[in-house]
Amino acid sequence: MRLGVLLSGRGSNFEAIANSIAQGRLDAEIAVVISNRPSAGGLEIARQRGIPLRVIPSAGLNREAWDRLAIEELQTHGVELVCLAGFMRLLSAGFIRAFSGRILNIHPSLLPAFPGLDAQKQALDYGVKIAGCTVHYVDEALDSGPILLQSAVPVFDDDTVDTLSARILAQEHSIYSRAIQAIVEGRVTLEGRTVRIRESEK
Ligand code: GRF
């Protein structure tokens with residue numbers, strides 16, 4: 001399956017997906033990485049690995065215009081599944097339609113708790129005892145589509161945003177590839193907003 005990764009920053013989730021592919025745990029190929037920020041760290045990772053990359057700066061472009069360029073790039077590279085990985089923009093209705101049911105995101109909270117920015121800080125401020133991350137399909141609203149996988153981590157009394165974020169991030173790196181592989185193997189079905197994933201026969 002040909003993946004298109006959209007990112008805006010560091011790119012550790014993208015790197016984890018690339019590692020899963022390199023290690024044979026994920027039967028996919030990253031066809032292109034697209035960043036809306038020229039300074040995104042993820043671009044350097046793509047460069048080092050020889051993965052095709054494109055920068056489409058979003059500064060000064062409206063949402064529809066940026067999305068049209070991104071759709072074109074993804075289609076040019078034959079992308080079948082779009083993986084948002086630290087992509088800090090909402091997608092337009094046109095984009096969602098173009099890749100309907102084929103867009104995933106990773107979010108650092110147990111949705112529907114703490115959507116939006118600074119999810120780990122939101123969780124700490126709220127005082128939850130369990131935090132985590134979610135891989136979900138993307139629809140037009142923020143962090144709201146059907147949930148594929150979640151992973152929980154404990155919150156400790158002495159946690160800071162950094163320590164909690166690092167604990168969650170380790171789980172992000174594991175469940176994102178697992179969710180993609182389930183789709184690749186055709187083990188995922190959607191009933192209403194409930195996703196069912198059959199056990200792998202591998
Ligand atoms: C991750 O915490 C992800 O859940 C969120 O943005 C962060 C991106 O990190 N959507 P990275 O760029 O993948 O390292």
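Tutor: A polar contact is a pair of N or O atoms within 3.5 Å, and this cut-off is what we need for the ligand in this predicted model.

Student: Which residues are around the ligand?

Tutor: The ligand is surrounded by residues from separate parts of the numbering, so it helps to list them in order, with a heavy atom within 4 Å as the criterion. From the beginning of the chain come Arg10, Gly11, Ser12 and Asn13. The rest of the list is Gly86, Ile106, His107, Pro108 and Glu172.

Student: How far is an oxygen atom of the ligand from an N or O atom in the side chain of serine 12?

Tutor: Two backbone pairs can be set beside this one: a backbone N or O atom of glycine 11 lies 2.8 Å from an oxygen atom of the ligand, and a backbone N or O atom of isoleucine 106 lies 3.0 Å from a nitrogen atom of the ligand. For serine 12, it is the side chain that supplies the N or O atom, and its distance from a ligand oxygen is 2.5 Å.

Student: What percentage of the ligand's accessible area does the protein cover?

Tutor: The reference is the ligand on its own, which has 370 Å² of accessible area. Of this area, the share covered by the protein is 86%.

Student: What distance separates the centres of domain 1 and domain 2?

Tutor: The domain assignment divides the protein chain into domain 1, residues 1-100, and domain 2, residues 106-202. The contact between them takes 20 residues from domain 1 and 17 residues from domain 2. Taken over C-alpha atoms, the centres of the two domains are separated by 19 Å.

Student: Within what arc do the buried residues of helix H2 fall?

Tutor: Helix H2 spans residues 41-49, and its buried residues are Gly42, Leu43, Ile45 and Ala46. Seen down the axis, they line one face of the helix, because they fall within an arc of 160 degrees.

Student: Against which elements do those buried residues of H2 pack, and what follows the helix?

Tutor: The packing partners of the buried H2 residues are strand E1 (2-7), helix H1 (12-22), strand E2 (29-35) and strand E3 (53-55). Just after H2 comes a residue with a positive phi of about 70 degrees, namely glycine 50.

Student: Why are the buried residues of helix H5 on the same side of it?

Tutor: H5 runs over residues 119-126, and its buried residues are Ala119, Gln120 and Ala123. They share a side of H5 because the arc they cover around the axis is only 100 degrees.

Student: Against what do the buried residues of H5 pack?

Tutor: The end of H5 is marked by glycine 127, which follows the helix and has a positive phi near 90 degrees. As for packing, the buried residues of H5 meet strand E5 (103-107) and helix H6 (161-184).

Student: Is leucine 164 buried or exposed?

Tutor: Leucine 164 is found in helix H6, and beyond its neighbours within four places in sequence it is in contact with residues including Gln120, Leu124, Ala131 and Val153. Its C-alpha atom is separated by 8.3 Å from that of alanine 131, although the two are 33 residues apart along the chain. Because its relative accessibility is 0%, leucine 164 counts as buried.

Student: With which side chain does the side chain of serine 92 make a polar contact?

Tutor: Serine 92 sits in the loop between strand E4 (81-84) and helix H4 (93-98), and at 6% relative accessibility it counts as buried. Not counting residues up to four places away in sequence, it touches Arg63, Glu64 and Asp67. The polar contact, at 2.6 Å, is with the side chain of aspartate 67.

Student: Where is the cis peptide bond that has omega of about 15 degrees?

Tutor: Most peptide bonds are trans, so a cis bond deserves a careful look. One of its two residues, proline 112, is in the loop between E5 and H5. The cis bond joins this proline to leucine 111.

Student: Is aspartate 118, with its positive phi near 55 degrees, buried or exposed?

Tutor: The loop between E5 and H5 also holds phenylalanine 114, which has a positive phi of about 55 degrees although it is not a glycine, and which is buried with a relative accessible area of 16%. Aspartate 118 is found in the loop between E5 and H5 as well. Because its relative accessible area is 53%, aspartate 118 is exposed.

Note on methods: Residues are numbered from 1 along each chain as its sequence is written. This is a predicted model: local features need pLDDT of at least 70, side-chain atom pairs count only at pLDDT 80 or more; totals for chains, interfaces and linings use all residues. Side-chain values use heavy atoms; hydrogens and water are left out. Buried means under 20% relative accessible area, exposed over 50%, partly exposed in between (1.4 Å probe, protein chains only). Helices (H or I, at least four residues) and strands (E, at least two) are DSSP runs, numbered from the N terminus. The arc is that of the directions from the helix axis to the C-beta atoms. Contact means heavy atoms within 4.5 Å. A polar contact is a pair of N or O atoms within 3.5 Å; within protein, one must be able to donate a hydrogen and the other to accept it, and residues adjacent in sequence count only if both atoms are side-chain atoms. Accessible areas come from the Shrake-Rupley method with a 1.4 Å probe; for residues, only the protein chains shown count as cover. Domain bounds come from an automatic or database domain assignment.
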